[in-house]
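Biologist: Let us walk through this model together. I will ask, and you keep it short.

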Amino acid sequence: MKQFFRFWAVVFAGALLTVSCVQEDFEIMPGQAERTYFVYIAFNNNLSFYGPRNLAALQRGATRANMGNNNIVVYYAVSGEYPKLLLIKPGLNGQGQKVTLKTYDGTQRTATVAGMKQAIADMMELAPAQKYCMTISSHGMGWQDKSSPYTLLQRQRSLESAVPLTRTDGGIEAAVTRYVVQDGSDWMNMDMIVEALTPKVFDMVNFDACNMACVEVAHALRDATDYLVGSPTEVMGDGFPYERTISRIFRDDWDGMCWEYYNFYLNDYVLDTDNETYPYAQVACIDCSKMDELALAMRTVLKPKLNTVKTMSVAGIQYFDTRKTAYPQTVFDLGDFAAKLQAQGGISGSELNAINEALGGVVSGVYTTPQGIWGSKLNLYPINAWSGLTTFIPLAAFDTPRNGYNLNEAYFATSWGRAVYGD
C-alpha cells in the first residue's frame, strides 16, 4: 500500500507499558497521548469486504499533520480472521501505517459485553491517553431488535419466517430492542452497548452504522458518552470518510465531523465497484447529556395526549423507513412529527415551541442531502425534513402483536419510552 524503509523498531505503547518488536517504519511517540480514537470494526458479516477499505482510509488520514500527539487504535474483526487490536500512527515518512498490538484467540466474541469491555480495557492499557472517543462500525437498526418483524431487515423476509433471535447468553431476545453490532450469529442491543461503555470512558461515540441517530439510542447513551454522532438512514459500506474526519476528531470538532461526512458523499464519493456516485447522506451530532431535558419537554406535552398520538395520521411526516408494507413506517423525523401533530390539532403552538426549543438545544451539525437511499438507487426517497433526531410513533396499530412481538410494548420499555410516556 505504501513504500517504507524497513528496519526493526521498538514500539512503545503509551508510558512504556507494553513493548513489541515489529518490522515497520514507525514513528515512536513515548508518553501518554492527548487523545486515543478507538475504532471498533465488527465486520464478521457481509460487511467484511469493507474492512480493508476502512483500514486504508484510517491510514490515509493518520498523517503527522492530522495526528499530533494522538493515537488511533482499531479493534478489527472481519470474517475468516481472529480479531486484532491495531495501532495506527504516522510513519517516519509522515504517512499513516499500522502495527498489531494484540491478536485475540477464538474465545474472543466481538458482539458481547465482555468482548467489547475487554477490547476497551486493552486499548486503554496499550494506548493510554487523557481523552478517548470511539467509532462503532457494523450493522445497526436503531432501537428495534433484529427479531422485530418491523425492522428493515425482517421486512425483506416472510413474516412467517421471522423468529426470535437467540442471544449470546443463551436466552431469547424476542422483545429486547435497539440492536447494533453483528459478529456472525451474535448481535448486541443498546442495553448491551451501554453496559459495555459504562462507566463512561468516551466523550464521543460515533455510530458508523445505519439508523442510529434516534432519540431512543441517544437517551440510552446519556450516561455513557457526552456526544453521539450518527445517521438516521443507511450508511454506505465505506462509512464515514476517516481520511477527512480524523483531523476534526483530534480537534474535538464533532460538528465538523458531521460536515465532512455530508460533504464527502454529496460532492466527492464515487463507488469504485460500479463507478457510480451516491450523493445521499444524513447526519447529526447529539448532546446526550441534554437528553433528559428533551425527554422532560416531550413528556410534559405528550404523556397526557398519548391517545391522540396513537390515533394521529402519519401521512406527510418525514419518514426514514422506506419499505412499503401493510403496516405503518416506524422511523420518523422528530421535529416533523411534532409539527404535524400540532397541525392536526393534537398540541398547541406553544407546546410545539417548547419541544423545538428543547430539540434545538440537543442537536447540532445537522446536514442532509436532498434524497435518502435504502439498499440501491431503486429505493431513493425525498428528504424534506431532518431535525437531527428520529423517533418512533407509538400508533395504535402497533398495540397488536405481530408474530408474538408487540412493538409498542417494546418501545415503552426503552429508557426513552419510560421517560416520555411511563408512570
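Biologist: Are F264 and Y265 buried or exposed?

Modeller: Buried means under 20% relative accessible area, exposed over 50%, and partly exposed in between, using a 1.4 Å probe and protein chains only. By that rule F264 and Y265 get one verdict: buried.

Biologist: Before we go on, which atoms do side-chain values use?

Modeller: This is a predicted model, where local features need pLDDT of at least 70, side-chain atom pairs count only at pLDDT 80 or more, and totals for chains, interfaces and linings use all residues. Residues are numbered from 1 along each chain as its sequence is written; hydrogens and water are left out, and side-chain values use heavy atoms.

Biologist: How many aromatic pairs are there?

Modeller: Rings of Phe, Tyr and Trp (its six-membered ring) pair if their centres lie within 6.5 Å; planes under 30 degrees apart are stacked, over 60 edge-to-face, and the rest tilted. Ring pairs even link F240, Y261, F264, Y265, Y269, Y278 and Y280 into a cluster. The aromatic pairs come to 23.

Biologist: Take Y37 and F250. How many residues apart are they?

Modeller: Y37 and F250 make an edge-to-face pair, 6.5 Å centre to centre with 85 degrees between the planes. Y37 sits in strand β3 (residues 33-43), and F250 in the loop between α7 (242-249) and α8 (254-268). Helices (H or I, at least four residues) and strands (E, at least two) are DSSP runs, numbered from the N terminus. The pair links distant parts of the chain, and the separation is 213 residues.

Biologist: Why does Y37 count as buried?

Modeller: F250 is buried, with a relative accessible area of 13%. Y37 counts as buried because its relative accessibility is 0%.

Biologist: Which residue in β7 stands opposite Y40?

Modeller: Two strands pair if DSSP finds at least two bridges between them. Eight bridges join β3 to β7, and these strands run parallel. In β7, opposite Y40, stands I136.

Biologist: Which residue in β10 stands opposite M134?

Modeller: β7 also pairs with strand β10 (residues 204-208), in the parallel sense over four bridges. Seven of the nine residues of β7 (residues 129-137) are buried, so the strand is largely enclosed by the rest of the structure. Opposite M134 in β10 is V205.

Biologist: Why is β14 largely enclosed, and which residue in β16 is the bridge partner of its Q282?

Modeller: Six of the six residues of β14 (residues 282-287) are buried, so the rest of the structure largely encloses this strand. Both faces are covered: Q282, A284 and I286 on one side, V283, C285 and D287 on the other. β14 pairs with strand β16 (residues 363-368) in the antiparallel sense over four bridges. In β16, the bridge partner of Q282 is T368.

Biologist: Which residue in β14 is the bridge partner of G230?

Modeller: Strand β11 (residues 227-230) and β14 pair in the antiparallel sense, over four bridges. The bridge partner of G230 in β14 is A284.

Biologist: Which helix gives the largest share of the largest nonpolar core?

Modeller: A nonpolar core is a set of buried Ala, Val, Leu, Ile, Met, Phe, Trp, Tyr and Cys residues joined through side-chain atoms within 4.5 Å. The largest has 92 residues, and F38, I193, F207, L221, L294 and L389 touch the most other members. Its largest share, seven residues, comes from helix α9 (residues 291-302).
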